[in-house]
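This report walks through selected helices, their packing and a few individual residues of one protein model. The structure is shown first, and the text then begins with a pair of helices.

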Amino acid sequence: MALTNSFLVFSNLDLEKNVSTLYKYNLDKKELTPIFDKTGIYFKEAGILNDEEILLQSWGDSNKTGVSLIDLVSGIEKILDIKENDDLLEAYANVDGYTLITASGNRNGKYLLNAIYNYYKFQYGEPFSAANDFAGRISWNESARLEGLIEIYKKTGNKEVEATIVAAVENILSVRNEYLGINTVDAPKFLWSTKKYSLDQRTPRSDLVDNGQILYSLLKAANYNIVSDETKDKIVHIAEQAYDYFNEQYDGKGHYTWRKGSCFYLDGIELPWNQQNDYALSLIELYKLTSNDKYYKRIKDLMSSFKEEWIINQDNTIMWHYWPMVFYEGWDEKDNKSINTPKREEQIDKVLEDTVHAAINAKFIMEYHNTFDDGLITSSDLDGVKKAMDYFCSKDGFNANISGLGKEGSKSYLSLPGVWWVEYENQYLADLYSNLGHFAYPDFDYSILYRYAYLYDENEEISLTITKDVYSLNGTLRSSSSEQIYSIDAVFDYVEEIIRRE
């Protein structure tokens, strides 16, 4: 089972069996061979010690990053001990052993350390912001990355982060449809388009949710005065054009629809709550920049239609379905609602919305309350949404649906809730981010940066001890050293140093 002329492949995660598998791919034979698997964990990284041993990092239901030595010949796993109050920052292999770097200290320092480490190690440079959005990488990855960078800059004032934000914004603006030679009824030149949601997966579509996601992060950069006045004006103009464009598919009753006859399987049908509310978040930012009441009225109408369908339990917990109820009621050919899906049977939804998409709705509720003092969303409503987290968050991990009934009620730390739930101050969720997390949701992998950055409080002290332990191949501790960190600049300097080493 030697690694000569081979490389390692992770399979993360077989959700049916709850198993992650490590494979060896032989370049000569073009064969994929399973060499190690584990239940209830997510493989993060592997380092090769020699031709028969690897150092494997994993993350799972212990809510901690674990490290183990895997003997590829015998299949034996040796779990390496990490002190109970320490969090693993990284582990890497040497020719004659391995090194573990752990962080201890106050939680606030760990939040900042994890945010900056995540940025430098996984999100440095601009590999995606200057590419098209055909696969949704800008709308679901780069926009979330940008929001995380804005949160870091807001709290640290770091000039390099500021420059990164400016570069990302300019890149995103440069890959709109007009620069890709696209200008159709479903993909106008001033917006961005994806292909992954069209029926043939080839036709560009400028859907409400993707453009809402992109515009939200761009408008936030404008609202924080990070970009130039010229760029700010450009962003506002694009957002105003988007409003007029999508207004053609607004039903006047608090719902957007997909254009009937478009290359989408649910053409003519009302959008899910999270897609409408995602766009509403961008309208809130646009309203802050323009003070135009027509945006406030649309935002209020969207919130009113959403709130009308809330499920309020006896304990005042607030939940909701993924779709508006009209979707679950179904339709027939005689209703003439959709060309591509002319008929759909009635459906009963018991598990409610998944916690990833529900985070968008939760964010909209909070932002509406924080922006508009019109009595539509009250502090009691926020409490009701926060109480919903008791159903899907606990010491045993997280359920996949806000009802807590998804996957037959089972919970796991691998069922990571969507990004904005972190703002609802759930202790179990906050505990999660004192440790470097995982990337179980590839479509949302960049959003973890915002979670770390949001939890960091710039008004609280930073107190960290970084320990570096160097071991020989047989596990003997060869040396140990520690470094104290007490400032924002010191965190940046330390992370830059270890990333340069790699």
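In this predicted model, the axes of helix α3 (residues 159–173) and helix α5 (residues 229–247) come within 12 Å and cross at roughly 45°. The two helices are therefore oblique to each other, and the crossing of α3 and α5 is left-handed. On the α3 side the contact is formed by V169, E170 and L173, which meet T231, K234, I235 and I238 of α5. Sorted by class, the residues of this contact are four nonpolar, one polar and two charged.

Helix α3 also packs against α2, and here the axes come within 9 Å and cross at roughly 150°. Since an angle over 145 degrees counts as roughly antiparallel, that crossing makes α2 roughly antiparallel to α3. The crossing of α2 and α3 is left-handed. From α2, the residues I138, E142, R145, L146, L149, I150, I152 and Y153 take part, and they meet K159, V161, E162, T164, I165, A168, V169 and I172 of α3. The contact of α2 with α3 is made up of 11 nonpolar residues, one polar residue and four charged residues. V169 of α3 is listed both in the contact with α5 and in the contact with α2.

A general point about helix geometry helps in reading such lists: an α-helix has 3.6 residues a turn, so residues three or four places apart point the same way.

The table sets out the span and burial of helices α1 and α2.

| Helix | Residues | Number of residues | Span, first to last C-alpha | Expected span | Buried residues |
|---|---|---|---|---|---|
| α1 | 107–122 | 16 residues | 22 Å | 22 Å | 13 of 16 residues |
| α2 | 137–156 | 20 residues | 27 Å | 28 Å | 18 of 20 residues |

For α1, the reach of 22 Å is close to the 22 Å expected at 1.5 Å a residue, and this helix is mostly covered. For α2, the 27 Å is likewise close to its expected value of 28 Å, and because 18 of its 20 residues are buried, α2 is largely enclosed by the rest of the structure. The residue that follows α2 is G157, whose phi is positive, near 70°.

Positive phi values also occur outside glycine in this model, at L352 and at K407. As background, most residues other than glycine have a negative phi. Phi of L352 is near 65°, and L352 lies in the loop between α8 (325–328) and α9 (355–371). With a relative accessible area of 10%, L352 is buried. K407, for its part, has a phi of about 50° and is found in the loop between β13 (397–398) and α11 (427–432). At 47% relative accessibility, K407 counts as partly exposed.

Which residues does S472 contact, once its neighbours within four places in sequence are left aside? S472 belongs to strand β14 (residues 464–472), and at 15% relative accessibility it counts as buried. Its contacts beyond those neighbours are with D96, G97, Y98 and R478.

Methods:
Residues are numbered from 1 along each chain as its sequence is written. This is a predicted model: local features need pLDDT of at least 70, side-chain atom pairs count only at pLDDT 80 or more; totals for chains, interfaces and linings use all residues. Side-chain values use heavy atoms; hydrogens and water are left out. Helices (H or I, at least four residues) and strands (E, at least two) are DSSP runs, numbered from the N terminus. The expected span of a helix is 1.5 Å times one less than its number of residues. Buried means under 20% relative accessible area, exposed over 50%, partly exposed in between (1.4 Å probe, protein chains only). Axes are lines fitted to C-alpha atoms, for helices over the stretch in contact, and angles run from 0 to 180 degrees between N-to-C directions. Angles under 35 degrees count as roughly parallel, over 145 as roughly antiparallel, 65 to 115 as roughly perpendicular and the rest as oblique. A crossing is left-handed if the near helix is turned anticlockwise from the far one by less than a right angle, and right-handed if clockwise. Contact means heavy atoms within 4.5 Å. Ala, Val, Leu, Ile, Met, Phe, Trp, Tyr, Cys and Pro count as nonpolar, Asp, Glu, Lys and Arg as charged, and the others, Gly among them, as polar.
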